[in-house]
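Hi,

Here is the structure I promised to pass on. Have a look at it first, and then read my notes underneath.

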Amino acid sequence: MSTGGLLAPALRLAIAATLATSGYIHAQLYVDGYRGIHIIGPLFLLQASGSFAVAALLLMGSPLLLRAAAAGLALGALGGFTASRTVGVFGFTENGLQPAPQAVLSLLAETGTLLLLAIWQATATIRRAGRNRPPQGNPVEEAAVK
């Protein structure tokens, strides 16, 4: 198997791992007390469930819909994190990087998910461009013909 053949499964595994990490952090926070916060608690449980489900499905394959779902989950979590520290979410606000260390770990996991998805997309685009390029002739032979 070529190096290019190993890249897609490695990226798929890494994305599943970062997504599952985010899910675990949200599930842990839900159990540790967020479940008692009106609307926010169920949203943490939804984030955890969705992250675990998409991570498991990514281990089996990687259609565009799953990659989009992974991006949506990561962006949603980052958006909720930002909103909870600025304008608030359903009246709920937090300060800084609290709770520690979950806030930092969550930011790293979700940012990692988005970065890995971007790498996947970039490599897929480069591979497609390479397959669509017309075959190049030998420049030495072409110079001799002229």
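Below is what I found, starting with a pair of helices and moving on to a pocket.

Before anything else, please keep in mind that this is a predicted model.

The helix pair is H2, residues 40-60, and H3, residues 64-85. Their axes lie 10 Å apart and meet at an angle of about 150 degrees. Angles over 145 degrees count as roughly antiparallel, so that is what H2 is with respect to H3. The crossing of H2 past H3 is left-handed.

If you want to click through the contact, on the H2 side pick Gln47, Gly50, Ser51, Val54, Leu57 and Leu58. On the H3 side, the residues are Leu66, Ala69, Ala70, Leu73 and Ala77. Sorted by class, this contact between H2 and H3 has 8 nonpolar and 3 polar residues, with no charged ones.

Now for the pocket. The largest one has a volume of about 370 Å³, and 24 residues line it. To find its centre, look for His26, Phe44, Ala77, Gly80 and Phe81, which are the lining residues nearest to that point. You'll recognise Ala77 from the H3 side of the helix contact.

Which helices supply at least two residues each to the lining of the largest pocket? They are H1 (3-31), H2, H3 and H4 (102-132). H3 gives the largest share, with 6 residues. As for the classes in this lining, 13 residues are nonpolar, 8 are polar and 3 are charged.

Cheers

Notes. Residues numbered from 1 in each chain as written. Predicted model: local features only at pLDDT ≥ 70, side-chain atom pairs only at ≥ 80, totals over all residues. Heavy atoms only, no water. Axes fitted to C-alpha atoms, helices over the stretch in contact; angles between N-to-C directions. Helix = DSSP H or I, 4+ residues; strand = E, 2+ residues; numbered from the N terminus. Parallel < 35°, antiparallel > 145°, perpendicular 65-115°, else oblique. Left-handed = near helix turned anticlockwise from the far one by under 90°. Contact = heavy atoms within 4.5 Å. Nonpolar A, V, L, I, M, F, W, Y, C, P; charged D, E, K, R; others polar. 1 Å grid on protein atoms, 1.4 Å probe; cavity = no way out; pocket = protein on both sides within 12 Å on 5 of 7 lines; lining within 4 Å. Points joined across faces, edges and corners; volume = space filled by probe spheres on them.
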